[in-house]
Amino acid sequence: MNMAERILRRVLFAAISLFVIITLTFFLMNLLPGDPFMSDHATEASRAALVHKYGLDQPVIVQYGKYLWALLHGDMGTSYILQKGRAVSSIVWESFLVSLQLGLKALIAAIVIGVPLGCIAGLYQEKVADGVIRVISAIGISVPGYVLAAVLMLVLAVNLKVLPVSYGSPGGEVMPIIVLAMYPTCYLMRLTRASILEVLGQDYLKTERARGMGEGRVIFVHALKNSLIPIITYLGPLTASILTGGFVAESVFNVPGLGRYFVSAISARDYTLIMGVTIFYATLIVTMNLICDILYQVVDPRIKSA
């Protein structure tokens, strides 16, 4: 099976995965009792009128068929509650651009800091540098995002007053970026360190050294290249997760991104917005994993994707 056939097969699997996610999300969402228009201020007549208007009084299988048909034509419907009457696709895209702006900065920070420090820890195993990096990574992974966000706000915004609490103010991006980048940075440190240590013990590196190859080339050309595979595996879902915004970071710092809208949509039971954000998020994850599968072939052509 050549590369084109393998990629085509992966694309087919991706399409099936998305279909399953859409189907499960739709039916699980409709298993919840009640509807989005249940409110203390809504009369029974107005509620019934809204339920009928949006077709929520029809059998679930009929609603599902209509939703799929509209989705195939690029229509995700309109928001029921949060931005009533506005197209879901417009809400998702606008909020994603905000998350993308933060996410790219957090992703770059995680890679630029995490991978080099992981390499240093692996190359200087059991030395001071390794110990310090391992402690930092353990703390960063262990501290929950909401705790880190609260500490940053208390120290940097309230006590020291060096950063604003409001996202829209100058410097308002700094704390959300730190919260978004902390866990992936520390995880990349540990992952890179473990991968480097595993590769450094391989016999082929001893052979290259015996042939007179310099230590720098052995490490940075052969060892680092072959240690990239598990890192690439993690970067796929990591990229999708960061670019769609962190639920904690965006909620705590009031960032109008995709993560905050997802939480708000669930709370408000805004069915179409829940579906739109889920589909977008799932598509991004599947796409990033597909890109990772292709990158495997570049890093190591011997890998045969299933």
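**A walk through an all-helical chain**

Leu 31 lies in helix H1, which covers residues 3–31. This is a predicted model, and Leu 31 is a handy place to enter it. At 66% relative accessibility, Leu 31 counts as exposed, because the cut-off for exposed is over 50%. Now look across to Val 60. Leu 31 and Val 60 stand 29 residues apart in sequence. In space, their C-alpha atoms are 9.4 Å apart.

Step back to the whole chain. The protein has 13 helices and zero strands. Read from the N terminus, every element in the run is therefore an α. The protein holds 306 residues, and 42% of them are buried. Take the contacts with a separation of 6 or more. Residues 24 or more positions apart account for 72% of those.

Helix H4 is a good guide to the packing. H4 spans residues 88–123. One of its partners is H7, residues 174–200. The two helices pack at an angle of about 30°, and their axes are 6 Å apart. That angle makes H4 roughly parallel to H7, because angles under 35 degrees count as roughly parallel. The crossing of H4 past H7 is right-handed. Which classes of residue make up this contact? The contact of H4 with H7 has 21 nonpolar residues, five polar ones and two charged ones.

H4 also meets helix H10, residues 228–243. Here the axes come within 7 Å and cross at roughly 135°. H4 is therefore oblique to H10. An angle over 145 would be needed for roughly antiparallel, so the value of roughly 135° stays in the oblique class. By class, the contact of H4 with H10 has ten nonpolar residues, three polar and no charged. On the H4 side, the residues in contact include Phe 96, Leu 100, Leu 104 and Ile 111. Ser 99 and Gly 103 of H4 take part too. From H10 come Leu 235, Leu 238, Thr 239, Ile 242 and Leu 243.

Next, the charged pairs. A search of the whole structure finds five salt bridges. One of them starts from H4. The side chains of Lys 105 and Glu 173 meet at 2.6 Å, N to O. Lys 105 sits in helix H4, while Glu 173 sits in the loop between H6 and H7. The pair links distant parts of the chain, 68 residues apart. Lys 105 is partly exposed, because its relative accessible area is 36%, between the cut-offs of 20% and 50%.

Other salt bridges gather around Asp 130. Is Asp 130 buried or exposed? At 0% relative accessibility, Asp 130 counts as buried. One of its partners is Arg 134, with a salt bridge of 3.8 Å, N to O. Both residues lie in helix H5, residues 128–142. They are four residues apart, about one turn of the helix. Arg 134 is partly exposed, with a relative accessible area of 39%.

Arg 193 is another partner of Asp 130. Their side chains meet in a salt bridge of 2.7 Å, N to O. Arg 193 lies in helix H7 and Asp 130 in helix H5, so this pair ties together parts that are 63 residues apart in sequence. Arg 193 is buried, and so is Asp 130. Where do these pairs lead? Salt bridges with shared partners join Glu 126, Asp 130, Arg 134 and Arg 193 into one network.

Last, two spots in the loops deserve a look at the backbone. Lys 161 has a phi near 55°, a positive value in a residue other than glycine. Lys 161 lies in the loop between helix H6 (145–159) and helix H7 (174–200). Lys 161 is exposed, because its relative accessible area is 64%, and the cut-off is over 50%. Where is Asn 254 placed? Asn 254 lies in the loop between helix H11 (247–252) and helix H12 (258–268). Asn 254 has a positive phi of about 55° and is not a glycine.

Technical notes. Residues numbered from 1 in each chain as written. Predicted model: local features only at pLDDT ≥ 70, side-chain atom pairs only at ≥ 80, totals over all residues. Heavy atoms only, no water. Buried < 20%, exposed > 50% of the residue type's maximum accessible area, 1.4 Å probe, protein only. Axes fitted to C-alpha atoms, helices over the stretch in contact; angles between N-to-C directions. Parallel < 35°, antiparallel > 145°, perpendicular 65-115°, else oblique. Left-handed = near helix turned anticlockwise from the far one by under 90°. Nonpolar A, V, L, I, M, F, W, Y, C, P; charged D, E, K, R; others polar. Contact = heavy atoms within 4.5 Å. Salt bridge = Lys/Arg side-chain N within 4 Å of Asp/Glu carboxyl O.
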